[in-house]
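Trainee: I would like a close look at one part of this protein, with enough of its surroundings to place it. Please go step by step.

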Amino acid sequence: MKINKNTEMIITAVLVVGALSFLFIRVFRKDKRKIHNIIDELPVSSSCTSSDRDFDAVDTIVVHQTASICKGDKHPHSTAKYHVNSNGWCGIGYHLFVTETGKIFQTRKLRTESAHAGSRNNRTSVGVVICGDHRLADAPKNEQIIPKEQYRALIWTIGYLQKHYPNLTNIVSHASLSASRTDPNLHMNELINDVKKVRV
Ligand SMILES: [Zn+2]
């Protein structure tokens with residue numbers, strides 16, 4: 001088939017516009033996700049009530065890992081049960097829970113002071129947890145340590161929190177606050193850099 005110059009130019013133009021649109025969508029597309037609110041589904045203690053705090057003083061996101069094998073969408077329920085019945089806490093320690101498939105659950109009101117990082121830190125922080133136990137994992141990239149979907153959801157969750165609550169400027173690991181902890185068992189610098197790039 002003989003293609004004349006004009007047809008060739010049109011094909012080239014279509015290809016260039018197509019490639020540019022593809023790149024534009026990839027770079028500027030927002031990552032749309034949902035946070036499932038299950039606060040009222042989770043067990044709380046009958047003998048104590050969590051207190052609300054002045055949210056203006058909350059400036060930190062503490063990242064955790066459950067140190068248990070992921071158990072799907074009902075994992076927050078069993079964690080809450082454990083925190084209430086075995087630890088004697090008022091409710092689940094974490095405010096947000098990210099499953100291995102990247103599902104995001106809100107498990108406590110952000111205004112509620114919760115037991116997740118020691119009494120000194122709880123007052124000024126929000127706890128975000130990923131399920132899993134990677135205490136012995138060693139890999140150069142976070143996506144090689146935990147499932148990619150879970151990692152993307154964790155980045156999104158932190159980015160979302162910071163977008164809606166600009167006071168939350170610090171992102172720290174539980175390990176940095178407690179000598180006996182290693183969680184979330186991720187490279188925090190990589191995580192913090194990835195949060196800067198996420199579009200929520
Ligand atoms: Zn922790």
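What percentage of the contacts with a separation of 6 or more is accounted for by residues 24 or more positions apart? After that, please take me through strand β2: how many of its six residues are buried, and which strands does β2 pair with?

Mentor: The figure is 74%: that part of the contacts with a separation of 6 or more comes from residues 24 or more positions apart. Keep in mind throughout that this is a predicted model.

Start with the whole chain. The protein has six helices and six strands, and from the N terminus on they run α-β-β-α-β-β-α-β-α-α-β-α. Its radius of gyration is 21 Å, well over the 16 Å that the globule rule gives for 200 residues, so the protein is more spread out than a compact globule. Taken along the principal axes, the C-alpha atoms fill a box of roughly 85 × 35 × 30 Å. The domain assignment lists domain 1 as residues 1–30 and domain 2 as residues 35–197. Between the C-alpha centres of these two domains the distance is 44 Å. Of the 200 residues, 28% count as buried.

Now to your strand. β2 covers residues 60–65, and five of these six residues are buried, so the strand is largely enclosed by the rest of the structure. It has two pairings to look at. With β5 (residues 125–130), β2 pairs in the parallel sense over six bridges. One position to find on screen is valine 62, which stands opposite glycine 127 in β5. With β6 (residues 170–173), the pairing is also parallel and runs over four bridges. There, threonine 60 has asparagine 170 as its bridge partner.

β2 also takes part in the largest nonpolar core, which has 30 residues. Ile61, Val98, Val128, Leu154 and Ile158 are the residues with the most contacts inside this core. The elements that give two or more residues to the core are β2, α2, β3, β5 and α5 (148–164). The largest share, seven residues, comes from α5. Take leucine 154 as an example: leaving out residues up to four places away in sequence, it touches Val98 and Ile130.

Helix α2, another contributor to the core, spans residues 75–85, and its buried residues are His75, Pro76, Thr79, Ala80, His83 and Val84. Seen down the helix axis, these fall within an arc of 160°, so they line one face of α2. What covers them includes β3 (96–98) and β4 (104–106).

Between β2 and α2 there is a loop, and alanine 67 lies in it. Its phi is near 60°, a positive value in a residue other than glycine. Alanine 67 has 16 C-beta neighbours inside 10 Å, so it counts as partly exposed.

Return now to glycine 127, the residue opposite valine 62. Arginine 108 is 19 residues from glycine 127 in sequence, and their C-alpha atoms are 9.4 Å apart in space. This arginine sits in the loop between β4 and α3 (119–122). It is a loop residue that nevertheless counts as buried, because it has 26 C-beta neighbours inside 10 Å and the cut-off is 20 or more. Not counting residues up to four places away in sequence, arginine 108 touches Ile39, Gly91, Ile92, Tyr94, His95 and Ser114.

Last, follow the chain past β6, the other partner of β2. The loop between β6 and α6 (188–197) holds proline 184, which is joined to aspartate 183 by a cis peptide bond with omega of about 15°. Asparagine 185 lies in that loop between β6 and α6 too. Its phi is near 60°, again a positive value in a residue other than glycine. Compare the surroundings of the two residues with positive phi: asparagine 185 has 24 C-beta neighbours inside 10 Å and so counts as buried, while alanine 67, with 16, counts as partly exposed.

To put your strand back in place: β2 is largely enclosed, pairs in the parallel sense with β5 and with β6, and is among the elements that supply the largest nonpolar core.

Notes
Residues are numbered from 1 along each chain as its sequence is written. This is a predicted model: local features need pLDDT of at least 70, side-chain atom pairs count only at pLDDT 80 or more; totals for chains, interfaces and linings use all residues. Domain bounds come from an automatic or database domain assignment. A residue is buried if 20 or more other C-beta atoms lie within 10 Å of its own, exposed if 12 or fewer, and partly exposed in between; C-beta atoms are placed from the backbone. Two strands pair if DSSP finds at least two bridges between them. The arc is that of the directions from the helix axis to the C-beta atoms. Two residues are in contact if their C-beta atoms, placed from the backbone, lie within 7 Å. A nonpolar core is a set of buried Ala, Val, Leu, Ile, Met, Phe, Trp, Tyr and Cys residues joined through C-beta atoms within 7 Å. The radius of gyration is taken over C-alpha atoms; the globule rule is 2.2 Å times the number of residues to the power 0.38.
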